[in-house]
Amino acid sequence: MKDFIIPDRDFGTPAAKSKQMVTLSIDGFDVTVPEGTSIMRAAAEAGIQVPKLCATDSVDAFGSCRLCLVEIEGRNGTPASCTTPVAPGLKVHTQTGKLKQLRRGVMELYISDHPLDCLTCSANGDCELQDMAGAVGLRDVRYEAVDTHFRARNTSGEANPLYIPRDDSNPYFSYDPQKCIVCSRCVRACEEVQGTFALTIEGRGFDSRVSFGAKPTMRWRRTASPAGLAFRPARRRPCRKSRSSRSARPRTP
Ligand code: SF4
Ligand code: FES
């Protein structure tokens with residue numbers, strides 16, 4: 001019951017299992033964590049929250065949203081903290097002016113392809129996108145509205161041919177492309193937690209969508225189970241060659 005009231009803290013990436021410990025500095029604080037820990041998790045264990053969208057500690061880091069960028073003294077660029085492991089003596093900064101500007105720019109792009117209906121959205125108040133927009137201080141979106149998939153009508157009031165409505169056809173979940181930011185968490189959860197490989201991302205850019213990873217008739221079949229419908233591996237059929245060679249084989253009594 002407690003979990004419904006106080007959600008468990010999310011450290012961003014799974015815990016490392018190494019017994020070897022590594023000490024580094026994050027925002028001026030010394031942090032000691034097992035070797036193989038991500039910088040994001042090391043920061044979270046020290047009470048420093050790095051903004052994130054695609055990372056969660058129940059699946060491996062993927063590094064797709066680019067919101068968790070950090071600066072490391074002596075290293076070029078701004079690596080993603082979820083996919084960068086700790087190393088001894090690193091000096092990491094998570095809150096510089098450059099990082100704030102980069103994160104605001106990333107969030108601005110996400111919000112430019114997202115309906116601004118927070119007040120009527122069922123996730124209002126319990127939405128990571130909303131939380132992160134606030135965390136990075138995004139107030140305005142400079143990009144003009146374009147006819148993307150989430151508008152039923154285009155800017156001149158005509159039906160938008162790119163519009164994709166919400167899909168409620170699956171008995172277990174609804175998929176609303178308007179709200180999806182293509183973080184791939186659901187795809188990774190299917191692979192790493194459930195082991196079903198049921199979902200994948202298809203398309204590129206504005207056309208990226210979550211879709212079934214494999215057609216049920218190809219690798220999976222839907223079956224009735226006591227718990228309801230379920231996807232199970234389809235029965236393997238012998239290939240034509242082995243079938244014919246089997247039938248040609250003389251039967252033994
Ligand atoms: S539907 Fe999947 S990919 Fe889209 S936002 Fe949700 S978890 Fe991420
Ligand atoms: S949280 Fe690191 S790239 Fe998304």
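Two strands pair if DSSP finds at least two bridges between them. Helices (H or I, at least four residues) and strands (E, at least two) are DSSP runs, numbered from the N terminus.

This is a predicted model, in which local features need pLDDT of at least 70, side-chain atom pairs count only at pLDDT 80 or more, and totals for chains, interfaces and linings use all residues. Residues are numbered from 1 along each chain as its sequence is written, while chains are lettered from A and ligands numbered from 1 in the order in which they are written.

The protein chain holds six helices and eight strands. Their order from the N terminus is α-β-β-α-β-β-α-α-α-β-β-β-β-α.

Strands β5 and β6 run antiparallel, joined by four bridges. T200 has S211 in β6 as its bridge partner. Six residues lie between the strands of this hairpin, and G203 takes a positive phi near 80°.

Of the 253 residues in the protein chain, 20% are buried (20 or more other C-beta atoms within 10 Å of the residue's own, with C-beta atoms placed from the backbone).

The largest nonpolar core (buried Ala, Val, Leu, Ile, Met, Phe, Trp, Tyr and Cys residues joined through C-beta atoms within 7 Å) has 32 residues. L24, M40, A42 and C68 touch the most other members. These elements each give two or more residues to this core:

| Element | Residues |
|---|---|
| β1 | 21-26 |
| β2 | 29-34 |
| α2 | 39-45 |
| α3 | 97-112 |
| α4 | 128-135 |

The most come from α2, which gives five residues.

Methods:
Buried ≥ 20, exposed ≤ 12 C-beta atoms within 10 Å, placed from the backbone.
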